[in-house]
Amino acid sequence: MSEIQIGDLKAFPDGDYRIVDVDGLEVGIFRRGKDFYAYENRCPHYGGPVCQGKILNRVEENLGPDKASRGLRFAAEEHIICPWHGVEFDLKTGRNRGFARYRLRPIPVKVRSGTVYLDIPG
Ligand code: FES
């Protein structure tokens with residue numbers, strides 16, 4: 001593991017993301033408040049640039065007490081939607097809810113003294 005300095009915290013607006021290239025490894029870094037999430041920018045489906053996909057809240061079925069559908073609604077969790085074929089991944093876990101083998105490769109990210117760092121696997 002090697003720690004790489006990525007940039008000033010101010011360069012990462014809350015709710016936004018950045019793609020960085022570290023010696024050929026593309027990483028998507030997402031900021032949500034004080035929390036950061038980082039994943040290799042490579043979809044486990046066919047290798048698409050997943051971190052550059054749209055981010056939308058998960059859609060879920062709204063069931064009534066009789067288990068009949070009351071339509072669809074947005075849940076709290078945000079999903080990254082791969083731009084190539086639309087596979088979705090939870091922004092906070094990198095996991096696909098339907099297929100356990102579809103999971104984004106997490107890259108450890110941390111903030112120290114106002115600077116963002118990645119721990120790149122060696
Ligand atoms: S490459 Fe990402 S959904 Fe197919």
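**Notes on an all-strand predicted model**

1. Let's begin with one hairpin-sized piece of the chain: strand 8 and strand 9 (residues 115-120) run antiparallel and are joined by 4 bridges. Keep in mind that this is a predicted model. Within this pair, arginine 112 sits opposite threonine 115 of strand 9.

2. That pair belongs to an open sheet of 3 strands, ordered 1-9-8 and paired antiparallel. Its edges are strand 1 (2-8) and strand 8 (109-112), each of which pairs on one side only. From one strand to the next, the twist averages 30 degrees. As background, strands in a sheet pair through backbone hydrogen bonds, in either a parallel or an antiparallel way.

3. Now step back to the whole chain. You'll find 9 strands and 0 helices, so to speak a plain run of β-β-β-β-β-β-β-β-β when you read along the sequence. The C-alpha trace spans about 55 × 30 × 20 Å along its principal axes.

4. How much of the chain is buried? Of its 122 residues, 38% are. The chain exposes about 7,400 Å², and 48% of that comes from carbon and sulfur atoms.

5. On contacts, take the ones between residues at least 6 apart in sequence: 44% of these join residues at least 24 apart.

6. Last, the charges. The chain has 19 positive and 17 negative ones, and the mean positions of the two sets lie 3 Å apart.

Note on methods: Residues are numbered from 1 along each chain as its sequence is written. This is a predicted model: local features need pLDDT of at least 70, side-chain atom pairs count only at pLDDT 80 or more; totals for chains, interfaces and linings use all residues. Side-chain values use heavy atoms; hydrogens and water are left out. Helices (H or I, at least four residues) and strands (E, at least two) are DSSP runs, numbered from the N terminus. Buried means under 20% relative accessible area, exposed over 50%, partly exposed in between (1.4 Å probe, protein chains only). Contact means heavy atoms within 4.5 Å. Accessible areas come from the Shrake-Rupley method with a 1.4 Å probe; for residues, only the protein chains shown count as cover. Lys and Arg count as positive and Asp and Glu as negative; His and the chain ends are not counted. The place of a charge is taken as NZ of Lys, CZ of Arg, CG of Asp or CD of Glu. Two strands pair if DSSP finds at least two bridges between them. Axes are lines fitted to C-alpha atoms, for helices over the stretch in contact, and angles run from 0 to 180 degrees between N-to-C directions.
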